[in-house]
Structures are given as C-alpha cells and as structure tokens.
Amino acid sequence: MQDYIAASAAAALNIPISQIETRLRQPRGYQTHTLFDVTAPGRHLIAKRYTLQDGQDDAPQREFAALKLVAGLDLAPRPVWCDGRSLVLYEFLPGQVWDRRAATPAEMSALAEVWLRVGRVGAAQMGPSTLFARLQNPSARAKLLDVEPYAAWASQRARTRRAAELCRTAAHRAGEALRKLERYAPVLRFCKCDPRFGNVLARPHGRIGLTDWEDCGLQDPAIEIADLFTAPNQEDLLSPEAKAALLNGLREWDDGTLAQRVALYEIALLGTWFPVLTRVGLRHLANGALAGWEINEMPYAARLRRMLARIFASDAFADVEFFE
C-alpha cells in the first residue's frame, strides 16, 4: 500500500518517487480509515486510505469534491489528488485535535461560525449527506435502528432481559421521532457531517479546522447539532452553557422550529447508537474482551445507561445490565 501511495504522490506532485517518504500515522480511537504522512521537499501531505463499508462506495470522491468546494474558506485540508476508488491525498492541516475535551462557550461560538460558513456554500451537486439519505430511506432507516441481534440474545438471559426490552423500546421511540420529523420542511444546508470533536482542529492563531468530509452533503442542519450533542466522543463533556452558545451562534438557521427538530433528532440518533454499540459488545463478549471495555473513556454500561436516560427522559437505569 505504501508503494502505491508513494507512486500516487509522486505523480500528483510531478516529482521522482525517490523524493517521496511515507509513514503510517498512529490511529486514534474509533478511527475507521488509515492515514499516512507523505513528505516530499517542501510538502507535507496526508494520504487517506478508506475502509469502505456498505453504502459508502463514493466516500473518497465525496470527500475530495467537498475539499475542493470549501478550499476558499481556509477551514479544511486542501485537496491534492484522488484515485476515485479508495485513496485521497490532501495537504496536512496543522492543529490540535479537540477530541475528548470540554469546549468552552467561546469555542462553541467559534465552531458555530465555521458551520455557518460551510452552510452558505452552494453545494447542490453534492446531494444529500450519507446520514440524511439513510434516515430518509425506510429500509436503510430500519437497518440503522435494528437492535434485534442484541435484543434476541439479551432477552434469553434473566440479567439482561430488561436491557433487551429497553433497547427495543428505544429503537421504537427513535423511529417515532423520525416520523414526527416528516411534518417539517426545513431548508437543507451543506454540512460537513460527523461533527464529533475528533474531527475538529484547534489551528494556529486561534482558527478552527474541520477534517473527515466523506459523509458531507445537504441535510437538515438540526442533524448536525443533534449529532454533536449525542456522539459518545463528547456528549458527556458538553455543558449547558456550551450547548447554548452553539445554538445562539446558529440563529441564522432557526426558522422557529430548530429546537424542536434538534430534540427529535437527538432521540433518533441516540437510537441508532444501540445497534452499533451492542454489536460491538457481543463481539467483545465472544472474544473474552468485555471486561474493561470503555466507550470513549467511559465504562460501557455507564455510557449505554446515559443514552437510555436521554431517550426516556429518566435516569432510573442504574441497575440495568447489558451483558453477563
């Protein structure tokens, strides 16, 4: 793979391959794709090798097109080359990843301004975001909320039977929230998507950068907000003041129904996490690796209980066991 990356970079930069060096970047937690540092005289690029999943065949092309689209905004890596299949090269963007941190209200206001700049880009050619397209498609939506692989297992065991019932009810509530959202007709805006703090950079001179654009596209901007407020990467670190600062900074997006839509999407997106995380838990259980499993630095049971508490607007889940 590194030989292919080096050859691709040499062709893109029009220099001999002997001047190219590649090095695997240490992956961060929950990183899906593989990144490489690519250096040449006076240049530092990142090579992104995609691990494509169902329905993501266009991820490299989507990211490359998005980076070209926002290149003039100076908030994302500058695109260099794409092979159209599984590899994108872009300029290294200096900065410190926010990741697991408690962002201040001032930082959230700055993030809101960056989101507004992205949302003003004319991007009809990008089509719907990956997530928005799935939420709009009945069969894809059902797959996102399919908790049965876990619930069928958990319902057969006394200690986890309640968790099975709760997960099924959570999926039902998420589906109901999505049906209620059908009554709204918001203006669709271009969004980066996957807005977790792991994709936000604190750049030199106080600027903000955004990375990982492969899921971007047009969508209800309430999804972007709800996704940030529910992603395990930072949902437990967001203070009420930080959330309020983001929403206040996004008043341009508010047609009078933004808060209602965000609340419904929060329930919907929390519901999509249970199928993902419980399947991971079943794999850990099968591999004898359940003990000590954490979801973004929080014991798995505590994280799943937090999600239940938000969906049901109750914190009466301290005794729920998810695995034996």
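In which strand does Arg 189 lie? Select that residue to begin, and keep in mind throughout that the model on the screen is a predicted one. Arg 189 belongs to strand β7, which covers residues 189-191. With the residue still selected, look for Gly 217, which is 28 residues away along the chain, although the C-alpha atoms of Arg 189 and Gly 217 are separated by 7.9 Å. Leaving aside residues up to four places away in sequence, Arg 189 touches Gly 119, Gly 217, Leu 218, Gln 219, Pro 221, Glu 252 and Trp 253.

**The whole chain**

Now zoom out to the full model, where the secondary structure comes to 11 helices and 10 strands. The C-alpha trace spans about 65 × 50 × 35 Å along its principal axes. A compact globule with 324 residues would have a radius of gyration near 20 Å, and the 21 Å of this protein agrees with that.

**The five-stranded sheet**

Select strands β1 to β5 next, which form an open sheet in the order β1-β2-β3-β5-β4, with antiparallel pairing. At its edges you will find β1 (21-24) and β4 (79-82), each of which pairs on one side only. If direction is ignored, neighbouring strands of this sheet are turned by 25 degrees against each other on average.

Stay with the sheet and colour β2 (residues 34-40) and β3 (residues 43-49), two antiparallel strands joined by seven bridges. Among the pairs to pick out here, Leu 35 has Lys 48 of β3 as its bridge partner, and Thr 39 has His 44 of β3. The hairpin of β2 and β3 has two residues between the strands, and in this hairpin Gly 42 takes a positive phi near 75 degrees. From β3, move across to β5 (residues 87-91), which runs antiparallel to β3 and is joined to it by five bridges. In this part of the sheet, Ala 47 stands opposite Leu 89 of β5.

Which strands does helix α1 touch as it packs on this sheet? Select residues 2-13 to show the helix, and you can trace its contacts with β1, β2, β3, β4 and β5, while its direction makes about 55 degrees with that of β5. Add helix α2 (residues 59-69) to the selection, and you will see that it lies across β3, β4 and β5, running at about 155 degrees to β4.

**The three-stranded sheet and helix α3**

The next stop is a second open sheet, in which three strands follow the order β6-β8-β9 and pair in antiparallel fashion. Its edge strands are β6 (96-97) and β9 (208-210), and each of these pairs on one side only. Between β8 (residues 200-202) and β9 there are three bridges, and the two strands run antiparallel; in this pair, Ala 202 has Ile 208 of β9 as its bridge partner. Helix α3 packs on this sheet, where it touches β8 and β9, and its direction makes about 50 degrees with that of β9.

Keep α3 (residues 105-119) on display and bring in helix α9 (residues 240-249), since the axes of the two helices come within 8 Å and cross at roughly 30 degrees. That angle makes α3 roughly parallel to α9, and the crossing in which α3 passes α9 is right-handed. To view the contact, show Pro 105, Met 108, Ser 109, Leu 111, Ala 112, Trp 115 and Leu 116 in α3, which meet Glu 241, Ala 242, Ala 245, Leu 246 and Gly 249 in α9. By class, the residues of this contact divide into nine nonpolar, two polar and one charged.

**Helices α7 and α10**

For the last stop, select α7 (residues 161-181) together with α10 (residues 258-286), two helices that pack at an angle of about 145 degrees with their axes 8 Å apart. Here α7 passes α10 in a left-handed crossing. On the α7 side, the contact is made by Cys 167, Ala 170, Arg 173, Ala 174, Ala 177, Leu 178, Lys 180 and Leu 181, and on the α10 side by Arg 261, Leu 264, Tyr 265, Ile 267, Ala 268, Gly 271 and Phe 274. Colour these residues by class, and the contact of α7 with α10 will show 11 nonpolar, one polar and three charged residues.

Technical notes
Residues numbered from 1 in each chain as written. Predicted model: local features only at pLDDT ≥ 70, side-chain atom pairs only at ≥ 80, totals over all residues. Heavy atoms only, no water. Axes fitted to C-alpha atoms, helices over the stretch in contact; angles between N-to-C directions. Helix = DSSP H or I, 4+ residues; strand = E, 2+ residues; numbered from the N terminus. Left-handed = near helix turned anticlockwise from the far one by under 90°. Contact = heavy atoms within 4.5 Å. Nonpolar A, V, L, I, M, F, W, Y, C, P; charged D, E, K, R; others polar. Pairing = 2+ DSSP bridges. Parallel < 35°, antiparallel > 145°, perpendicular 65-115°, else oblique. Rg over C-alpha atoms; globule rule 2.2 N^0.38 Å.
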